[in-house]
Amino acid sequence: MKIAFIMDQFPRLTETYFLDQMTGLIRAGHEVDIIATTPSGQPKVHPDVEKFQLMARTRYMGFHTHLPANRLHQILKATWHVLTNFHKAPLQIAKCLNASAYDCHTLDLYLRVVYGGILFATGKNEYDIVHCHLGGSGLMGVALRKLGILKGKIVTTFHSADAYVYPHRWGPEFEVYKTLWPNTDLCTVSSDYMSQKIQSLGANAATIRKLPVGLDFTKFIFKERKMGSDGMIQIATVARLAEKKGLGYSIRAIAQVCKASKLPIVYKIAGEGPERPQLEQLIRELGMEKQIQLLGWCAQPEVTQLLAASHLFVLPSVTAKDGNKEGQALVIQEAQAVGLPLVTTIHNGIPEGLLDKISGFLVPERDVEAMADRIQFLVSHPEVWIPMGKAGRAFVEQNYDINRLNDKLLQYYGELIQK
């Protein structure tokens, strides 16, 4: 089977779910190509990128550094890209420039179609399956197929911002996905919550399949969590330092617990992002420089080591001011896979991804007191760590095995091709 994955950025260190899906299909003998808007620009990559030589399978849509942030610069760069490539496929590129031919109603879609159209018009463009990660990529996929530039069944996977932020960026009057719903062959979502969300945007329930992001359990070694001889308790978070991760709330909660508990506690946060300066300032204001550490970008082996050394896991996700939310929050399943009891929030599809009061605890968003209370309970009762860890591992093994989920994905692909 020939499969193209279309996404905004590749490779991204934190998005291992793309990799496990791709590498699983490659292992199964399928031909996989990766089409990305831009490189991520991150200083580290996941080991599987090199192991499977994924960069050799990757094509970028005209950007080998970054997409300009300024809209005028985007238009000028797109114009230059058209002029320098027009001679290679004039008829097909001309189709992309005619916005009315694919009912284009946003500049974002127009730029995607121009860049994507040039890439596919001048290179490989026939696939059995075109799997578009994020709704914007799905819009581009169905537009290029309508223009006859791209061939294949279109699968669109919704994750988070594409369901919450993207539809409102252009205003409700545009109904940004109105051309996607009748033209994509299948939509996949990671939770029932997300399924309901995209149905509220106009998706047909008959075309939606729940397909959680899975784990390769050979990479997540279960460990019973016990108090060490030094009495130190290590708490971990793995997250981008962005608003929707809510890290200011976990930092405040941990500070409360540190001040109330006589036990030595260290909280380590692996990740990088735009909120780092504010979080650093908050840590200083709370006087927690010794107890709370921002580790920056961590490669997968470093994350694995962090989780192995920790006793508890925290993810304080919140709804951002622009409406952005988490998707599945795969890191919740990763934490349970290695045996970590956890505290997280009642947010989007997260409650579907753990066993509340059995493998972890759910608290309301932005409720520092509730989060501190549950963390305090866990640090004060190490006897619950092992049973909670075992329950979490069993839960994710049953529901998030990447091999089973890839088999289900291949089943969906096969059903589309048979149609």
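Buried means under 20% relative accessible area, exposed means over 50%, and partly exposed lies in between, computed with a 1.4 Å probe on protein chains only. The model is predicted, so that local features need pLDDT of at least 70 and side-chain atom pairs count only at pLDDT 80 or more, while totals for chains, interfaces and linings use all residues. Residues are numbered from 1 along each chain as its sequence is written, and side-chain values use heavy atoms, with hydrogens and water left out. Helices (H or I, at least four residues) and strands (E, at least two) are DSSP runs, numbered from the N terminus.

**Exercise 1. The two sides of helix α16**

Task: Find which residues of α16 are buried, and work out where around the axis they lie.

Solution: Begin with the list of buried residues in α16, which holds Ile 402, Leu 405, Asn 406, Leu 409, Tyr 412, Tyr 413 and Leu 416. They cover an arc of only 115° around the axis, which puts them on the same side of α16; the arc is that of the directions from the helix axis to the C-beta atoms. Next, turn to the face directed away from that buried side, where the exposed residues Asn 403, Arg 404, Asp 407 and Gln 418 are carried. The length of the helix can then be checked: at 1.5 Å a residue, the 17 residues of α16 (residues 402-418) should span 24 Å, and the end C-alpha atoms are indeed 24 Å apart, which agrees. The expected span used here is 1.5 Å times one less than the number of residues. Finally, look at the start of α16, where a side-chain oxygen of Asp 401 comes to within 2.8 Å of the backbone nitrogen of Asn 403. Such a polar contact is a pair of N or O atoms within 3.5 Å; within protein, one must be able to donate a hydrogen and the other to accept it, and residues adjacent in sequence count only if both atoms are side-chain atoms.

**Exercise 2. An alternating strand and its partner**

Task: Determine which side chains of β10 point to one face and which to the other, and how β10 is joined to β9.

Solution: In a regular strand the side chains alternate between the two faces of the sheet. Along β10 (residues 292-296), Ile 292, Leu 294 and Gly 296 point to one face and are buried, whereas Gln 293 and Leu 295 point to the other and are not. The partner is β9 (residues 265-270), which runs parallel to β10 and is joined to it by four bridges; two strands pair if DSSP finds at least two bridges between them. Within this pairing, Lys 268 stands opposite Gln 293 in β10. Together with helix α11 (residues 276-285), β9 and β10 make a right-handed β-α-β unit, where right-handed means that, with the strands pointing away from the viewer, the path from the first strand over the helix to the second runs clockwise.

**Exercise 3. An enclosed helix**

Task: Explain why α13 counts as largely enclosed by the rest of the structure, and name elements that cover its buried residues.

Solution: Eight of the eight residues of α13 (residues 330-337) are buried, so the helix is largely enclosed. Among them are Leu 330, Ile 332, Gln 333 and Glu 334. The cover includes α1, β8 (233-238), β11 (312-315), β12 and α15 (385-399). After the helix comes Gly 339, whose phi is positive, near 95°.

**Exercise 4. The surroundings of Thr 344**

Task: Decide whether Thr 344 is buried or exposed, and describe what it touches.

Solution: Thr 344 lies in strand β12 and is buried, with a relative accessible area of 0%. Not counting residues up to four places away in sequence, Thr 344 touches Leu 315, Ile 332, Ile 350, Leu 354, Phe 361, Leu 362 and Val 363, where contact means heavy atoms within 4.5 Å. The side chain of Thr 344 also reaches the backbone oxygen of Leu 315 at 2.7 Å. Strand β12 is joined by four bridges to β13, and the two run parallel. Both faces of β13 are covered, with Gly 360 and Leu 362 buried on one side and Phe 361 and Val 363 buried on the other.

**Exercise 5. Backbone angles in loops**

Task: Which of Leu 134 and Lys 357 is exposed?

Solution: Leu 134 has a positive phi of about 90° although it is not a glycine, and at 24% relative accessibility it counts as partly exposed. Lys 357, with phi near 70°, is exposed, with a relative accessible area of 62%.
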